[in-house]
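Me: I am new to this protein and would like a close look at one part of it. Please go slowly through a run of neighbouring strands, and add what else belongs to the picture.

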Amino acid sequence: MLNNGDILSNIPPLGGKDPASSSNHHHNREVVARWRVPMYGKVYEIEFEHGTASGKRVLWIDKQEVFRRDWMFKLVGEDMFKLEDKRCIIRVDPMPGFRYSYSLYVDGKSYEQFTESQAKALKTWEAKLGDNFYRIVLEKNTLNIYVNGKLIEESGEFVDGGTDTTFLEDGNTFVLSARTSGNKREGIVHQLTVNGVEVHDSGGTLL
């Protein structure tokens, strides 16, 4: 995971085909910064190209080109875009020796602050069943549950000491339980089982 200001050079694209190779571009993409942003049960991969000779700026989200600005005379400054309903800004600042730093801001917070707040607000489990991979994310403040980025519709049933939310995916039965711990510091304890077997959480890991 990259922090703000990390600068990359000559990085091959992450997985899949380089989107530029399928067009008329015969040169490598000039990706200078890459971030992974957790939001609403998904993790978005943001890549930023900056041609320091031409001033070109290109933004890719999950390998899709979102904007392209060629031949910009001003090499530094800000570019704004939306991620879901959040306003995001990429800022290019000059550094000594004709170098540049690249910073991402999400919803008014720096990348580090946003991912840290998301790690506290989300609880994540990952499970592989046969050929299927499941990433289950609970938003603690809304109690929304996402499976592989899709919001599930099921609501929780009240049981002794808390709630159980049951949902089915590919014939597998998932139960997300919330129980009061009786301990003020711990608050509510969340546990996920799949087909009766407990799945350990990813420890706040978002990637």
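Reply: Two strands pair if DSSP finds at least two bridges between them, a strand being a DSSP run (E) of at least two residues, numbered from the N terminus. The model is predicted, with local features given at pLDDT of at least 70 and side-chain atom pairs at 80 or more, while totals for chains, interfaces and linings use all residues. Residues are numbered from 1 along each chain, and side-chain values rest on heavy atoms, without hydrogens or water.

The part to look at begins with β13, at residues 157-159, which pairs with β14 through 3 bridges in the antiparallel sense. Within this pairing Phe 158 has Thr 163 of β14 as its bridge partner. The hairpin that β13 and β14 make leaves 2 residues between the strands, and Gly 161 of this hairpin takes a positive phi near 90 degrees.

From β14, residues 162-169, the chain can be followed to β15, residues 172-180. These two strands also run antiparallel, and 8 bridges join them. Leu 168 is matched across the pairing by Thr 173 in β15, its bridge partner. The hairpin of β14 and β15 again has 2 residues between the strands, and here Asp 170 is the residue with a positive phi, near 55 degrees.

Aromatic side chains add to the picture at this point. Phe 167 and Phe 174 form a stacked pair, with 5.3 Å from centre to centre and 5 degrees between the planes; rings of Phe, Tyr and Trp (its six-membered ring) pair if their centres lie within 6.5 Å, and planes under 30 degrees apart count as stacked. Both Phe 167 and Phe 174 are buried, that is, under 20% relative accessible area with a 1.4 Å probe. Tyr 134 joins Phe 167 and Phe 174 in one aromatic cluster, and a search of the whole structure finds 3 aromatic pairs.

As a setting for this part, an open sheet can be followed elsewhere in the model, where 4 antiparallel strands stand in the order β1-β2-β3-β4. Its edge strands are β1 (residues 31-39) and β4 (residues 64-69), each of which pairs on one side only. Between β1 and β2, the latter covering residues 42-50, there are 8 bridges, and the two strands run antiparallel; in this stretch Arg 34 stands opposite Glu 47 in β2.

How values were computed: Phe/Tyr/Trp six-rings, centres within 6.5 Å; stacked < 30°, edge-to-face > 60°. Buried < 20%, exposed > 50% of the residue type's maximum accessible area, 1.4 Å probe, protein only.
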